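Subject: Structure handover

Hello,

Here is the structure you are taking over. Please keep it open while you read the notes below.

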Amino acid sequence: MDSADTPDRRSAGFKNRTRIDDARKRVLDAVTPHDRTERLALIPADGRALAERVASPRAVPDYDRAAMDGWAVRAADTFGSSDRSPGVLRVADGDAQSSPETAVADGTAVRVHTGSELPDGADAVVMIEHAERVGGDLEVFDAVTEGENVAPVGEDVSEGQPLFDPGHQLRPSDLGLLKSVGVDRVTAYERPTVGVIPTGEELVQSDPAPGEVVETNGLTVSQLVERWGGLPTYRNVVTDDASALRAAVQRDLTKDIVVTTGGSSVGERDLIPEVVDDLGEVLVHGVALKPGHPVALGVVDETPIVMLPGYPVAAIVNAMQFLRPLVKHMGHLPDDPPPTVRAQLARKIPSEPGVRTFARVELDHSAAGGETDDALPTATPTRASGSGVLSSVALADGWVAVPEGREGYDAGETVAVERWEWSA
């Protein structure tokens, strides 16, 4: 991009910050999901997005089966049976499990177990507790109707029934259903690849000396990407040098997404936005959210670049707002909102008008389930509010997102606590 067309970020600062929704839409609209697919067995397909429609190749069950332990009968033979006047049927030799060829003739009963194939001639099952065998006879104390206690062909799934459309994210229950209908492999989209590049000459992996900081953002972001359905590559720390940063970004342009941590603001060592703008285009630099407004979003050779701030809390907040939607988008996965819990606010949460504030809170469930059924847990904002205090996120139960149109929430208000770390 021509530098003459771009204002000096260091002098301009972040006077004009883009709203979260606009920033997210801008980067999502600039990229296209990949179209790579692979055939997978069921277990590794868990959590993946289907690339093809799946229909059932067979009915489940594919035979009429007993839905209860009991006796297979012809329903008409039990009409009028009651405790006072039990019906009497002759017990046929064998049972449906050990002698599947055993049939039910007029006035006879055959022993069946739950899941047994219903013998020929039978159209109902008398529950075992509603009958008693006496020698070679069976006394029936409750009449049954045709089809009672019987699972008919296709009761669960019919042959040819559509099960899942492309884009459906497979869950464990889906895998069980697929196995039950005889599907053992599916075609799914490959997991989107993400290059995770921590930056900063002060970062070390352990045993920091004065002036050094243990690198945590790359680790945290990599594991979040894994949880969100992506395939992260956690790179070594890159120092604050334009040439080194440029080479690191170019190396990972083979990935579906590149994310950097640190160096996204407007200080002397905040070089990554300029590097990305030189290679491609910075779409957004500075977003109206707190903590973490110095985030930047760009595109290089059709690869989205997410430039997260270096403060750990700011990095996590922005990863949720921008990296997670990109991972879902690129992998054809649904971008469902995180689960929320309604809670009563213990203390006021202040917020700047026009800025979406993410306030970390701890939940106290001791008040819930009290004298009234609608008692809510209490949400208490954490004392530590700085964007560099990682423990304020790790030890919190979620956060409250104060919308741009509010100047905070007052104590006692009912708020939605986003359990963002429990989302996938």
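The notes cover salt bridges, one lysine and one strand.

This is a predicted model, in which local features need pLDDT of at least 70 and side-chain atom pairs count only at pLDDT 80 or more, while totals for chains, interfaces and linings use all residues. Residues are numbered from 1 along each chain as its sequence is written, and side-chain values use heavy atoms, with hydrogens and water left out.

Annotated region

UniProt, in an unreviewed entry, lists residues 195–329 as "domain: MoaB/Mog"; its positions are given in the numbering used here, its feature names are shortened, and annotations may be inferred rather than shown by experiment. Over residues 195–329, helix makes up 35% of the chain and strand 26%, with the end C-alpha atoms 16 Å apart. Helices (H or I, at least four residues) and strands (E, at least two) are DSSP runs, numbered from the N terminus.

Salt bridges

Side chains of opposite charge can pair when their charged atoms come close. There are 16 salt bridges in the structure, each being a side-chain nitrogen of Lys or Arg within 4 Å of a carboxyl oxygen of Asp or Glu. Asp21, Arg24, Arg356 and Glu404 are joined in a network of them.

Another salt bridge joins arginine 191 to glutamate 226, with the closest N and O atoms 2.8 Å apart. Arginine 191 sits in the loop between β12 (185–189) and β13 (193–198) and glutamate 226 in helix α4 (residues 217–227), so the pair ties together parts that are 35 residues apart in sequence. Arginine 191 is partly exposed at 22% relative accessibility, and glutamate 226 is partly exposed at 38%. Here buried means under 20% relative accessible area, exposed over 50%, and partly exposed in between (1.4 Å probe, protein chains only).

Aspartate 252 forms a salt bridge with arginine 235, at 2.6 Å from N to O. The two are 17 residues apart: aspartate 252 is in the loop between α5 (242–251) and β17 (257–261), and arginine 235 in the loop between β16 (231–234) and α5. Aspartate 252 is buried, with a relative accessible area of 0%, whereas arginine 235 is partly exposed at 21%. Aspartate 252 also forms a salt bridge with arginine 251, where the closest N and O atoms are 3.8 Å apart. Arginine 251 is partly exposed, at 38%.

Lysine 255

Lysine 255 lies in the loop between α5 and β17. What is the nearest side chain of opposite charge to lysine 255? It is aspartate 252, 5.1 Å away, and lysine 255 is buried without a salt bridge. For charge, Lys and Arg count as positive and Asp and Glu as negative, while His and the chain ends are not counted. The side chain of lysine 255 does make a polar contact with that of threonine 233, at 3.1 Å. A polar contact is a pair of N or O atoms within 3.5 Å; within protein, one must be able to donate a hydrogen and the other to accept it, and residues adjacent in sequence count only if both atoms are side-chain atoms.

Strand β20

In strand β20 (residues 296–300), five of the five residues are buried. Ala296, Gly298 and Val300 are on one side, Leu297 and Val299 on the other. β20 pairs in the antiparallel sense with strand β18 (residues 281–285) over four bridges and with strand β21 (residues 303–308) over five. Strands pair if DSSP finds at least two bridges between them.

Regards
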